[in-house]
2 protein chains.
Amino acid sequence: MKQHNFSAGPSILPIPVLQKASEAVLDLNQTGLSILEISHRSPNFVKIINEARALTKEILNIPEGYEVLFLQGGASLQFYMSALNISKLNGTGAYIDTGTWSTKAIKESEKLGDTTIIASSKNQAYKYIPKNISSNKPFDYLHFTSNNTIYGTQFHDFSKLSELANNNNAKLICDMSSDILSKKIDVELFDLIYAGAQKNIGPAGATLVIVKKNILQKNPNLPTYLNYQTHIDKESMFNTPPVFSIYVAMLTLKWIKRLGGLTAIESKNREKATTLYNEIDRNSLFSGLVEVTDRSMMNVTFKLNNENLETKFNTMCQDTGISGLNGHRSVGGYRASLYNALDIESVHVLIKIMQQLEKIS
Amino acid sequence: MKQHNFSAGPSILPIPVLQKASEAVLDLNQTGLSILEISHRSPNFVKIINEARALTKEILNIPEGYEVLFLQGGASLQFYMSALNISKLNGTGAYIDTGTWSTKAIKESEKLGDTTIIASSKNQAYKYIPKNISSNKPFDYLHFTSNNTIYGTQFHDFSKLSELANNNNAKLICDMSSDILSKKIDVELFDLIYAGAQKNIGPAGATLVIVKKNILQKNPNLPTYLNYQTHIDKESMFNTPPVFSIYVAMLTLKWIKRLGGLTAIESKNREKATTLYNEIDRNSLFSGLVEVTDRSMMNVTFKLNNENLETKFNTMCQDTGISGLNGHRSVGGYRASLYNALDIESVHVLIKIMQQLEKIS
C-alpha cells in the first residue's frame, strides 16, 4: 500500500532521490564502489559536495560573500555554535521565543553571555507569532526560528526583523530547519542561517549553514570544530563529513532544480497548505490550532473538536496508509507536515477521510 | 571488475550490509517507508538504535556502568568534547603524541586548560610508539590514539597506560577511531573511548562514544550538545541522530556477531596483516615505513625503494581493481588499510602484483 508520509522530520523524500540513493549504496555511478565506502577526499566525493554547495547557492540565489557549509550535530549544536561565533565578548543576544526550538537556542546563548527575550508568544502556548517587535536596549544579534515545527506557526515576513537588526547594527540569525527550501527567501537579509537537513534538504545527519563571511571574527581560541571559519577555510572538509547525507542532499537539490526551483516548489507547497487549511476550516469536526495569519505552510496543526472521535480517525488514517500525522507529544492533536516531496495527492487522501469521518459522525 | 578497496576511511563495508542498506533506502522491512524518511521517534527506529547500542555492548563485552552513545561531529569534535567533559576546572591533561590525530586532540585540550605532552614520537616522524612512558607531574586524565591511521603505528598493549593513569588517579581516554571493533579489547581499562564510525563501525556521519558514567561531573553550564550527560539521559536521542549511519552501523555490528564476534574478526585481521607484512619484508622492492614492533594491523604503510617504479605499480594496481592504496598526502608511499570487511583475497591480489613487479623489474 502506498504510504502517505506526513512525518515532521526526518520526513518524506522524493522517490527518484530514494531510487538513485539506493543504487549508489551498492554502486556509485558505475565505479564499482558504494557511496558508503569511498574516501571523502576522492574526486568522486569532492565533486558531490561541490555540486551540493553550488546547487544550494543557485537555488537559494545566495549572493556573493556568503559561504555554504555542511556540518554535523543538527540545529541543536547550532544553537550554541551560532551564539559562540557571532556574539562579541560580553555581547548581547536578542531572541524571539516562538516555542521549543527558540527556547533551546536561548538556553545555549545564556551559557555564553547576556541574552534578552525581546518577544515571546509563550503566554498563549505559542499559538501566534509576536508582532511589532522592538527592544529597549541595544543588542549585537537577533535570533529567531522561522517556522515552528511543533506548534505550526511561521514567520511570513522577514523584512521587519531585518530592519530591527539593522537599526541596532546587529546581525540577524535564523534557524530555518523546517522551512528552508520550501519557498523563495531573500538571503541578503540574514547574516547566518542554519538548518538541520532532515526536512526539505535530505536525510538526517547533515546541517546546512549559510554564513556571511565578513561577520566572523577570526578567533583562534574557539574550539576548532565549532568555529565556522574552520569549515569555510576547508570547504566543509575539515574532517570527514557525513558523506551519504550530503550525497542525498545533492540529489534532492537537483530534484528541486529540475522541478523548476523554489518558485515551482513554493507554488506547490502553497496549494497543499491552502487545500488542507480550507478543509480544516470547512469541516465541522476539526479546528486549526494557531492564529490564522501565522499558520505554517509546512506543518499544519489541527485537532478533532470531539476527542472521542480520535480512535476512529486514527484507524481510518492507518487503513489509508497515512503515517506520521500525530501531533508532537507536547501539543497533542494532529500535525500534517507538507514538506516538498509530499504530493498533493496525499493531501487529497487525508481530506477524503476527514470528510468521510464528518459524514458518518 | 571487482574492486579491492584499501581506502583508509570512509572505507570498505561488508557486501551483505550494503545490500540490506540499499533495500532499506527504498523500503525498511516492508514498512513501505524508506529508512531515510522515518521519524527517529518511531518504534522502527527506536528498535534500531537500541539494537545498535546493545550489540556494541555485547560485542565489545562492555561492563556495567558504561554507556554507549552515537553522536555526530566525528573524532574531531570529540577532541574538544572529551577534554571539556573530563577535565576538572584547571585540570591537567596528559597526552601522548603519536601523530596527526593526537596533535589535533592536544590543540583542543590546550584551549581548555593545562596540557602536557608526556611522550611523543615526533622526533622520528611518528615511526614508532613511545615506550616506558611516565610523567613527572600529576595529571587528571591521560589521552592517547590507539591506532595511527596516517603513519601506520598501533599501541599493542594498553595495560601500562592504564597503570600509569591509575597511579595518578587519572582517567584514561582513548581515540580508537581506526581500530575499534578490529580485535578484542578490555573496555574496563578505559574511562572514555571514542571513535568516528567510518572505519569498522559503519559509514561516515556517526561517532561512537563509550563512557564510564560515574566519571562525569554533572555540570549544567556545559553546552547542552557537548555534554555527555545530555546524551546519556536521552539515550542518544537528545536531538535527531544520524539515522541512516546508525542503521548501517547496526547492520555491521550484526555482521560482526554473525561472523563469530571479535575473536573471529581479530584472527582474520591478524592473518591479513601478517600476510602483507611478510611480503613487504620479503620483497626486495618494498620497505615498511614504521618500527616492526609497532606496526598497525589496520593500516599497513610501505613504500617502493625505487620511486621510479611508482607509475608502473600504480598502473598495475588500477588494472587489478585495487583502489585507495595511496599513502596519506603528508607521508607519501602506500597504505593498505585492512579493515574488517576486506577479504584476504584482496590482500592476495595486492601481493600478486607486488611479486609481478619484482619479477619484471
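## Where the two domains of chain A meet

In this predicted model, 23 residues of domain 1 of chain A are in contact with 23 residues of domain 2 of chain A; two residues count as in contact if their C-beta atoms, placed from the backbone, lie within 7 Å. Three elements of chain A each give at least two residues to the domain 1 side of this meeting: strand E6 (147-148), strand E7 (153-154) and helix H7 (243-259). Helices (H or I, at least four residues) and strands (E, at least two) are DSSP runs, numbered from the N terminus. That domain 1 side splits into seven nonpolar, 10 polar and six charged residues. Here Ala, Val, Leu, Ile, Met, Phe, Trp, Tyr, Cys and Pro count as nonpolar, Asp, Glu, Lys and Arg as charged, and the others, Gly among them, as polar.

As for the bounds, domain 1 of chain A runs over 15-258 and domain 2 over 261-360, as set by an automatic or database domain assignment. Their C-alpha centres sit 27 Å apart.

A word on the ground rules: local features need pLDDT of at least 70, and side-chain atom pairs count only at pLDDT 80 or more, while totals for chains, interfaces and linings use all residues. Residues are numbered from 1 along each chain as its sequence is written, with chains lettered from A and ligands numbered from 1 in the order in which they are written.

## Chain A against chain B

Here 52 residues from chain A and 51 residues from chain B take part in the contact. On the chain A side, helix H1 (15-26), helix H3 (74-86), helix H4 (100-110) and H7 each chip in at least two residues. H1(A) has the largest share, with six residues. By type, the chain A side has 23 nonpolar, 25 polar and four charged residues.

## A strand covered on both faces

Now for strand E14 (residues 334-337) of chain A. Tyr334(A) and Ala336(A) on one side, and Arg335(A) and Ser337(A) on the other, are all buried; buried means 20 or more other C-beta atoms within 10 Å of a residue's own, exposed means 12 or fewer, and partly exposed is in between, with C-beta atoms placed from the backbone.

E14(A) pairs with strand E12 (residues 299-304) of chain A in the antiparallel sense, over four bridges. Strands pair if DSSP finds at least two bridges between them. In this pairing, Phe302(A) has Tyr334(A) as its bridge partner.

## A loop residue in chain B

Which loop holds Ile215(B)? Ile215(B) lies between strand E10 (207-212) and helix H6 (228-233) of chain B. Ile215(B) is partly exposed because 15 other C-beta atoms lie within 10 Å. Leaving aside neighbours within four places in sequence, Ile215(B) is in contact with Ile86(B), Lys171(B) and Asp191(B).
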